[in-house]
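Colleague: I am new to this structure and would like to go through it step by step. May we look at it together?

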Amino acid sequence: SPDVLCTKAVVSTQSTGKATISGSAAFTRFAFGKCTTWPDSLTSNCTDVANYILERSKGAARLYVSGNILQTLTMKCVDGKPQYYQWLQTALHPDKESKNGAPYCCCVNMETGALYEDDKDKWCTEDYLNACTQLCLETYQSELIYGDS
């Protein structure tokens, strides 16, 4: 299944759609609506995921071309080990439950970027006025950064 970061965007009420392909083309993923997704094949490398999200983001170079987020709202990778995700993500796109429209800070799995225990209520805080109180010691994996010393 795809990795997903839900966003605040409103989805159209359309419930069906149609697409056709020809030749040797094949659909491997169809994503739209209120979530930012990336291909499963990128999940094992944070830098590839961050680049994939940024290439589809709103910003000076790509303003409203194909973007769904601001360039500051993407996955952050570990310095010196860019294949791993920072255990505390401090700029995740707000979703429909965001009270102030501020980014979330969340504890995530360092190898997959997935929300820890798949529990937003427990492991995410809306970062309104830099109010992030998460430490995410539960998701920090020192062996990924320093090896098994």
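Colleague: How many bridges join strand β3 to strand β4, and which way do the two strands run?

Modeller: Strands here are DSSP E runs of at least two residues, helices are H or I runs of at least four residues, and both are numbered from the N terminus. Two strands count as paired if DSSP finds at least two bridges between them. For β3 (residues 77–78) and β4 (residues 81–85), the bridges number two, and the strands run antiparallel.

Colleague: On what kind of model do these statements rest, and how are residues numbered?

Modeller: This is a predicted model, in which local features need pLDDT of at least 70 and side-chain atom pairs count only at pLDDT 80 or more, while totals for chains, interfaces and linings use all residues. Side-chain values use heavy atoms, with hydrogens and water left out, and residues are numbered along each chain as its sequence is written, from 1.

Colleague: Which residue is the bridge partner of Cys77, and which residue in the turn has a positive phi?

Modeller: The partner of Cys77 lies in β4 and is Tyr85. β3 and β4 form a hairpin with two residues between them, and the turn residue with a positive phi, about 85 degrees, is Gly80.

Colleague: Which element supplies the largest share of the largest nonpolar core?

Modeller: A nonpolar core is a set of buried Ala, Val, Leu, Ile, Met, Phe, Trp, Tyr and Cys residues joined through side-chain atoms within 4.5 Å. This core has 15 residues, of which Trp38, Val49, Met75 and Tyr85 touch the most other members. Both α1 (46–55) and β6 supply at least two residues each. The largest share, five residues, comes from α1.

Colleague: Which residues are linked in a network of salt bridges?

Modeller: A salt bridge is a side-chain nitrogen of Lys or Arg within 4 Å of a carboxyl oxygen of Asp or Glu. Lys120 meets Asp95 at 2.3 Å, N to O; Lys120 is in helix α2 (residues 120–123) and Asp95 in the loop between β5 (88–92) and β6 (104–107), 25 residues apart. Lys120 also forms a salt bridge with Glu97, with the closest N and O atoms 2.6 Å apart. The network therefore links Asp95, Glu97 and Lys120.

Colleague: Is Asp95 buried or exposed?

Modeller: Buried means under 20% relative accessible area, exposed means over 50%, and partly exposed lies in between (1.4 Å probe, protein chains only). Lys120, at 21%, counts as partly exposed. Asp95 has a relative accessible area of 8%, so Asp95 is buried.
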